[in-house]
Amino acid sequence: MSLLVIGSVAYDSVKTPFGVADDILGGSATYFSVSASYFTDVSLVAVVGEDFRKEDIEVFNNRNINIEGLEKRKGKTFRWKGEYGFDLNEAHTLDTQLNVFADFNPKLPEKYRDCEYVFLANIDPDLQREVLSQIKKPKLIACDTMNFWIERKFDSLKKTFEKVDIVIINEGELRELAGEPNLVKAAQKVLSWGPKRLIAKRGEYGALMFSDSTVFSAPAFPLESVFDPTGAGDSFAGGFMGYISNANNTDESAVRQAIIFGSAMASFNVEDFSLNRLKNLSYKEIEERFKEFKSLTHFDDLI
Ligand code: AMP
C-alpha cells in the first residue's frame, strides 16, 4: 500500500555536545520518508526553495521516494536552527524560518490522491488538513506536531486531531498540548478529541502507546553513541507507518510490531548527523535490530 507524507523539507543548523553542522538536510518529511522507504512506497508533499541542492534531491531518488509532489519555488528553503545540551532528549529551537512554506498551497498530483495511508508530519496544521482534504479514501491517518504550532495554531491543530486515527507526539509536547503534566491523563484528554491511538515519544526512555483500553510500552535501544537526536521522532514515525502500510494491517499486534520498527529506525538515525546513517541501511540490519529489541524486552511469565 502506498504511503503519503506532508511535512517540512529543511536545511537545519544543529549543535550537539559532539559537534556542530550548518545547513544540513533535514525536515520532518525528509526523515519520515527516508525511514518509511525501507518498508513501502512513499509519496512526498513539500516545498523547497531555489537554494535546494541537487545532491539532496538524490537522497530521495536513491530511496525511490516519489517526489512529484515536491515543489520548487522562488525563495529560500525552510530553515530550522536547534541545540541540544547534555540531555539529548530535548531540542531547544533557536530559530525557525518558514520561507517558501509561508504561502505554500499544495495541490496533489492525481496519483497521490489514491494513497490509503497518510502521515501529516510536523508542519502548519492548516497545510496538514489542506492535503488531507485532497485524498480520496484514506484508510489510516496519523499526525505529529510540535510546540511551535501548539503555541501559534492551537485551534487549527485541534481540528486536525479530530480527523486523524493516530497521534504521534513528543511527551513534552503532549503535556503542553493537553495542559496536563500527567502523561496518562494528557493522553486520555487528546484521545477524547477523536484519535483512536496516541503514541508518546519519550526520547531515550522509548515510547508509550495509549488507546481507550490499552497501554503498550517500548524501550529505546540502549546505544553507546548518540550523536545527533534530530529527526529521531520523524524516523520513528516513518518506520511505524511504513511497516503498517506494507502490512496493510492495523490490529493491535501489527501496531505493536510497528512501534518496534519505529524505535529501530530512530535508533539508527541518532547515530550520525542529518540522514547520514539513515540513508544507507540495509533491511537486514533493520530486522536484526528488531530482534535485538525482542530479546531486550523478553521475560518469562510466572509459572
Ligand atoms: P524531530 O524528529 O522531532 O527531531 O524533528 C526534527 C525536524 O523537524 C528537523 O529536521 C526540522 O527541520 C523540523 N522542524 C523543526 N521545527 C519545525 C516546524 N516548526 N515545522 C516543521 N518542521 C520543523
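**Group meeting: the ligand site and the core**

Let me start right at the ligand: Gly233 has a backbone N or O atom lying 3.2 Å from one of the ligand's oxygen atoms. Taken alone, that ligand exposes 510 Å², and the protein buries 91% of this area. Please keep in mind that we are looking at a predicted model.

Two more contacts belong in this picture. A backbone N or O atom of Gly231 sits 2.7 Å from a ligand oxygen atom. With Asp12, a polar side-chain atom is the partner, 2.5 Å from an oxygen atom of the ligand.

Now, how many residues surround the ligand? There are 19, and the closest are Ser8, Asp12, Gly27, Gly231 and Asp234. By type, this shell splits into ten nonpolar, seven polar and two charged residues.

Where do they come from along the chain? Strand S2 (10-16), strand S6 (78-83), helix H4 (147-152) and helix H8 (232-247) each provide at least two residues of the shell. Helix H8 contributes the most, with three residues.

Let's move from the ligand to the protein's interior. The largest nonpolar core holds 104 residues, and within it Leu198 and Phe240 touch the most other members. Which helix gives the most to this core? That would be helix H9 (residues 252-269), with nine residues.

Phe240 is a nice residue to click on next. Leaving out residues up to four places away in sequence, Phe240 touches Ile166, Ile168, Ile199, Val255, Ala258, Ile259 and Gly262.

That's my short tour; happy to take questions!

Conventions: Residues are numbered from 1 along each chain as its sequence is written. This is a predicted model: local features need pLDDT of at least 70, side-chain atom pairs count only at pLDDT 80 or more; totals for chains, interfaces and linings use all residues. Side-chain values use heavy atoms; hydrogens and water are left out. A nonpolar core is a set of buried Ala, Val, Leu, Ile, Met, Phe, Trp, Tyr and Cys residues joined through side-chain atoms within 4.5 Å. Buried means under 20% relative accessible area, exposed over 50%, partly exposed in between (1.4 Å probe, protein chains only). Helices (H or I, at least four residues) and strands (E, at least two) are DSSP runs, numbered from the N terminus. Contact means heavy atoms within 4.5 Å. A residue is near a molecule or strand if one of its heavy atoms lies within 4 Å of it. A polar contact is a pair of N or O atoms within 3.5 Å; within protein, one must be able to donate a hydrogen and the other to accept it, and residues adjacent in sequence count only if both atoms are side-chain atoms. Accessible areas come from the Shrake-Rupley method with a 1.4 Å probe; for residues, only the protein chains shown count as cover. Ala, Val, Leu, Ile, Met, Phe, Trp, Tyr, Cys and Pro count as nonpolar, Asp, Glu, Lys and Arg as charged, and the others, Gly among them, as polar.
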